[in-house]
Amino acid sequence: MSKIFKYLKPYWLFALLCPLSMILEVSMDLIQPQLMSNIVDNGILGSGALDENLQYVLRTGILMLGFSLLGCAGGIASAAFGTTVAQKFGNDMRKDTFDKVMHLSFQQTDKFTTGSLVTRLTNDITAIQQFVAMSLRMFVRTGMQFLGGIACLLTLNVNFGLVLIISLPVQLTVVALIMKRAAPLFGVVQNKLDKVNSIVQENVTGARVVKAFTREEYEIDRFGNANSELMETNMKVQKLLAILNPILMVVMNASVMAIILIGGLQVEAKAMEVGSVMAAVTYITQILMSVMMVGMMFQQVSRAMASAKRVKEVLDTEPVIFDGNSGAKITEGKVEFKNVSFAYPNTSGKPVLKNINLTAQPGQMLAILGSTGCGKTSLVNLIPRFYDCTDGEVLIDGVNVKDYKLDDLRSNIGVVLQKSELFSGTVAENIRWGDDNASDDEVKLAAQTAQAEEFIQGFTDGYDTMISEKGASLSGGQKQRMSIARAILKKPKILIFDDSTSALDLSTEAKLHAALRERLTDVTVIMIAQRIASVMRADKIAVIDKSTICAFGTHAELMQTSKVYRDIYYSQMKEEGGASVG
Ligand code: DCP
Ligand code: MG
């Protein structure tokens with residue numbers, strides 16, 4: 001709740017004007033029945049001459065119209081203020097939450113899941129927004145209608161209090177009972193919505209795979225299940241709410257009858273006039289209506305509470321990976337792993353890497369080789385601190401990576417991820433992700449080094465060719481080379497290729513290596529690969545097996561000393577017919 005107030009603070013003036021204008025509207029609403037009763041008692045049933053009575057009706061009628069216009073103006077102003085506050089408030093909150101999501105570490109976003117983060121950023125914040133808009137207006141409205149109505153009713157005749165004493169407790173109990181059962185369900189609804197969103201997300205982004213494996217039916221089923229679960233929970237809530245209003249209506253109608261009965265008796269006893277009974281009927285309706293509104297508001301409040309809790313969870317998550325404060329700067333880019341061990345937080349502490357000792361020198365290419373799933377990606381992820389190691393330390397230029405400012409650290413490291421991620425935009429824009437201010441020539445040079453120049457020139461619009469979402473309009477190898485160009489343009493001290501040449505043919509790959517060697521003379525290059533042919537020209541090769549480094553050296557040395565390396569070499573030679581490996 002305090003979080004919500006924090007976001008309301010900048011708009012306090014509007015947040016104040018909104019209920020104030022509402023007071024105007026409700027006051028006018030409360031005056032109307034009184035004037036109406038005057039028309040009946042003094043005008044229609046008045047004791048004066050007909051002409052005089054008509055004059056009175058007309059005058060009071062015009063007054064009523066004037067008041068209702070005033071009320072209308074108040075209503076419009078209140079709605080305008082309320083909506084403005086709610087929209088701006090929601091906008092700020094969404095921006096902050098997005099900002100937070102951008103700064104969370106991988107292990108934290110893994111925990112929330114993408115689908116849930118999307119729901120929290122959209123649906124949940126909208127629910128809070130609606131709640132703010134409503135509460136600014138409705139709390140005042142119902143409160144005034146309720147208390148004002150009671151005051152007016154009792155002023156007309158104290159005996160009407162009898163009706164209130166009975167009907168109010170009944171109504172409040174009904175509302176309380178139903179809301180008590182409905183409130184916990186709102187949180188459940190949001191969780192079910194998370195699941196639906198997760199499935200939609202996975203399937204829309206993975207549409208191609210789904211089709212390729214003809215998994216449509218399966219996925220449609222999975223979505224269907226999540227969707228029906230969402231519906232069932234929603235139905236439960238709606239059923240509860242559906243019985244609420246009819247019960248309240250019965251109480252209300254009974255109360256109106258009671259008022260007419262009591263009023264009739266009073267009129268008979270000459271203690272009251274007919275017009276006042278009419279006014280009393282309107283007031284009791286307003287009072288009980290406001291209790292009904294409280295029921296509706298509770299619904300919104302519980303929904304907003306559930307949502308606020310979920311948004312707060314995101315806002316309160318402190319990134320576990322944050323800036324170091326040594327103020328050190330990366331100068332050469334020498335990377336060292338010292339006794340590094342690492343386990344993912346989710347896999348119950350089972351180590352993926354154990355006791356890694358390894359050094360990558362500036363100006364050299366260090367290759368990392370190993371079977372799939374052995375922990376190569378996990379190892380290099382520790383350098384830009386996508387994850388932090390659980391034991392030991394990762395050093396750059398002798399300083400622990402945790403002591404650098406994240407910006408300083410990451411701006412000096414170019415990473416070409418295993419899965420190329422491109423964005424919708426032109427070829428040049430995508431490469432410029434590496435450096436916004438790069439000149440056209442620099443972009444071109446990066447593309448040349450990455451062996452991308454040739455196919456880019458082949459496009460009709462060259463560097464201005466539009467790339468569709470996630471680079472779907474490019475081949476796998478083209479995407480890889482675009483990502484390489486992007487990383488090179490960044491002019492990093494350390495350049496990491498995570499299996500980034502897997503989709504290139506061997507001759508293109510050899511050209512890429514030659515270009516890297518020629519143009520990036522003082523960069524530390526770390527290259528992960530599955531094929532020995534991709535790495536045999538590297539200065540040093542580290543072989544990972546059983547979570548640790550089992551062999552280290554040049555190709556020639558490893559052929560001599562490492563049985564694991566020789567085994568991989570000969571098995572790949574057999575697969576590729578020998579020619580490509582040599
Ligand atoms: N792993 C995990 N949680 C993650 C990522 C990976 O539990 N968020 C596990 C899966 C593997 C192990 O860690 O068992 C090592 O994964 P890597 O991605 O580091 O493996 P590689 O990069 O070596 O495999 P590949 O060659 O297939 O890319
Ligand atoms: Mg990998």
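**Ligand shell and sheets in a predicted model**

User: What makes helix α10 stand out in the shell around ligand 1?

Analyst: In this predicted model, helix α10 (residues 376-381) supplies three residues to the shell around ligand 1, which is the largest share.

User: Which residues come nearest to ligand 1, and how many surround it?

Analyst: The shell holds 13 residues, and the nearest are Thr 372, Lys 376, Thr 377, Ser 378 and Gln 418. By class, the shell divides into four nonpolar, eight polar and one charged.

User: Why is the approach of the Thr 377 side chain to ligand 1 called a polar contact?

Analyst: An N or O atom in the side chain of Thr 377 lies 2.6 Å from an oxygen atom of ligand 1. The cut-off for a pair of N or O atoms is 3.5 Å, so the pair qualifies as a polar contact. The side chain of Gln 418 also places an N or O atom 2.6 Å from an oxygen atom of ligand 1, and this pair therefore qualifies too.

User: What makes Cys 374 count as well?

Analyst: For Cys 374 a backbone N or O atom is involved, at 3.3 Å from an oxygen atom of ligand 1. That value is within 3.5 Å, so this pair is also a polar contact.

User: How much of ligand 1 does the protein bury?

Analyst: Ligand 1 exposes 600 Å² when taken alone, and the protein buries 68% of that.

User: How are the six strands of the open sheet ordered, and what is their pairing?

Analyst: The order is β6-β9-β10-β3-β11-β12, and the pairing is mixed.

User: Why are β6 and β12 described as standing at the edges?

Analyst: β6 (413-416) and β12 (548-553) each have a single partner strand, so one side of each has no neighbour in the sheet. On average, neighbouring strands of this sheet are turned by 15° against each other, direction ignored.

User: How do you know that β3 and β11 pair?

Analyst: At least two bridges are required, and β3 (residues 365-370) and β11 (residues 540-545) are linked by five, so they pair. Their sense is parallel, and Ala 367 has Ile 541 in β11 as its bridge partner. Helix α19 (residues 563-575) lies across β3, β11 and β12, at about 95° to β11.

User: What makes β4 and β5 a pair in the open sheet of four strands?

Analyst: That sheet has the order β2-β1-β4-β5 with antiparallel pairing. Two bridges join β4 (residues 391-396) to β5, and at least two are needed, so the condition is met. Leu 395 has Asn 400 in β5 as its bridge partner.

Terms used. Residues numbered from 1 in each chain as written. Chains lettered and ligands numbered in written order. Predicted model: local features only at pLDDT ≥ 70, side-chain atom pairs only at ≥ 80, totals over all residues. Heavy atoms only, no water. Near = heavy atom within 4 Å. Polar contact = N/O pair within 3.5 Å; in protein donor to acceptor, adjacent residues only side chain to side chain. Areas by Shrake-Rupley, 256 points an atom, 1.4 Å probe, with all protein chains shown as cover. Nonpolar A, V, L, I, M, F, W, Y, C, P; charged D, E, K, R; others polar. Axes fitted to C-alpha atoms, helices over the stretch in contact; angles between N-to-C directions. Contact = heavy atoms within 4.5 Å.
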